[in-house]
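Please look at how the aromatic side chains of this protein are placed and at what surrounds them. The report below takes up some of these rings and then turns to one further residue.

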Amino acid sequence: MTCAANSRIALALTAIFLTTGSASANAVDARVAEVERALRPAVSIIGEERWTLEERMRHYGVPGVAITVIDDGGVAWTRVYGLADRESGTPMSEQTLLQAASISKPVAAVGAMTLVEAGTLSLDQPVNERLTSWKIPDNDFTTKVPVTLAHLLSHTGGLTVHGFGGYAAGAPVPNVSQILDGEPPSNSAPVRVDQLPGSAWRYSGGGYTVAQLLMSEVADAPFEALMQRAVLVPAGMQQSTFENPLPAGLLQKAAAGVLPDGSAVPGKRHTYPEMAAAGMWTTSADLARFILEVQKALRGDSKLLTASTAKSMLAPRLSDYGLGFGLPKVNGEAYFGHNGWNEGFCALLVAHQSKGVGVAIMINANQPQLMEEIKRAVAFTYGWPGYVEHESRPIATSVLDSVAGRYRYNAEQVIEIAADAGRLYLTYAGDLRMELVAVGDNRYLRRERDSAISFQTGEADQRELAFELPDGALQRHPRIANDDRLPRELLLADQAAAALDAYTRLKDAGDEAASEDYLNREGMGLVQRGRLDAAIKLLTLNTQLYPTSANTWDSLAYAYLMQDNKPLAREHYRKALTVDPDFASAKQALEKLGE
């Protein structure tokens, strides 16, 4: 970001706010100020210095933020910060429209459930019996188990296409049938069933696009008009719309997005005809109104849904996901919500299932970590159930000496535990060093993650590093000798031939640690954490192991792009298209690079 842009943000950081309820303006201001200086990492340690919202906006390069806090069953306050459009210097306002991205899904799911309550749709009827202009292509999977609306809303239908990239300003926009079949001008793959419906949870924006078509056809109305009538108006979401592209009258209120590398979205924003999956434009205040309506429904006091319907939407299916909503738990306390990511925009929505607390956060940048930090600031300021601060304890020298060493994470990766100046640190090979903070007897936490770590004794008195899983079980990792070099270490030490040979043996043995998906996740995680040299080495190896996968070349190209090595990024994006001429991500990236 330029110095001029930073200056404009500094000038615009005067918040605009709206308060409701009986609390005095001074009391609300005090709470707001407390939130603004209470941002923190995933694990909160008592007595440690917190971050301010302004400094974290600068840290992440986020131009604009909108926050609405729910407390005591109502909207406590809304405030906006910074710039709606970094390039023009336009400040954020309460009326600035931002993209809700995947938070469109729970709103669309509520719309679908209004049709179920009206008897227009059934959760368990095969959707192909109701679709007319397009149908899910039949295959061996759908013959055994037809796809239903419940499958679509819970991401259990076995449908492909995780998410969508949208369409740049001025680009042709496909209709829904073209999107579902992956036909031009669609830039995404066809939506198809490639695993047995009901057998597993897999996130699918493609499934929600099928639901969009289904809802529109059975209601005999454009999807955006149906959602306006069925959800947005009854919930009081007066600033919201599913219209894509935005009509001219609303464009002047729309924010401009910023990509992960800090560059502006070309043309300011993308269009998302995949409306149910990603297409809603809204404000944080309107998102709060939506979540309040769901909380009311759970109490049997909603004009949108009955209590039984709301409860069924928050019943977990094959994962911690219901019908349209994620269902996170914080130390046993049940919450619900959703996150969203579109090109240049991110959003977060979370609320407690039985207590009247929650928050809606929207930003015009792809920096979701900032939203998590804001969420935690709100949660601790308002004393949300399940959120706990930990007290750090000193670590005895004898413990430091006994646990330091190298531990096998899996067949390719090592974890080093090091003692330094009375403290313990954990490092995955090639990654960032993280301090282990003692919070109990043989119990440690990393500030970056809330999963507990301990040190155990295994067979033959062997020392083990143990991660505590959500169900309380321990994932154990044995200590290994200092000269026992694992494949990741060989790779990072530039022993490329030895590393490739080691990974090839793992691949031939069917080990998950040499699978394409695992290596891609590891490599992209390194990219996100700024470990670009290590990421490029790992992603390059993935192309060597899986040269016929366009995705491996695309991921490597992205890593080079994040390194600002555009020539090599172009070269590897072209390689991805040589493998698969229709690979959407590579095509979009090359278009942005001027090809």
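Y428 counts as buried, with 10% relative accessibility, where buried means under 20% relative accessible area, exposed means over 50%, and partly exposed covers what lies in between (1.4 Å probe, protein chains only). This is a predicted model, in which local features need pLDDT of at least 70 and side-chain atom pairs count only at pLDDT 80 or more, while totals for chains, interfaces and linings use all residues. Residues are numbered from 1 along each chain as its sequence is written, and side-chain values use heavy atoms, with hydrogens and water left out.

A pair of aromatic rings is described by the distance of the centres and the angle of the planes. Rings of Phe, Tyr and Trp (its six-membered ring) pair if their centres lie within 6.5 Å; planes under 30 degrees apart count as stacked, over 60 as edge-to-face and the rest as tilted. By this rule the count comes to 13 aromatic pairs, including the two in the table.

| Pair | Type | Centre to centre | Angle between planes |
|---|---|---|---|
| F290 and F325 | stacked | 6.1 Å | 15° |
| Y409 and Y428 | edge-to-face | 5.5 Å | 85° |

The pair of F290 and F325 links distant parts of the chain, 35 residues apart: F290 lies in helix 12 (residues 284-298), and F325 in the loop between helix 13 (307-313) and strand 8 (329-330). Here helices (H or I, at least four residues) and strands (E, at least two) are DSSP runs, numbered from the N terminus. F290 is buried at 0% relative accessibility, and F325 is buried with a relative accessible area of 1%.

Y409 and Y428 also form a pair that links distant parts of the chain, being 19 residues apart, with Y409 in the loop between strand 13 (405-408) and strand 14 (414-420) and Y428 in strand 15 (residues 423-428). Which class of exposure does Y409 have? Y409 is partly exposed, because its relative accessible area is 28%.

Ring pairs also link Y335, F380, W384 and Y387 into a cluster.

Rings can have charged partners as well: a charge sits over a ring if NZ of Lys or CZ of Arg is within 6 Å of the ring centre and within 35 degrees of the ring normal. R433 lies over the face of Y425, 3.6 Å from the ring centre, and the charged end of K507 sits over the ring of Y546, at 4.4 Å from its centre.

The further residue is T114, which lies in helix 4 (residues 104-117) and is buried, with a relative accessible area of 15%. Contact means heavy atoms within 4.5 Å, and T114 touches A230, L304 and L305, not counting residues up to four places away in sequence.
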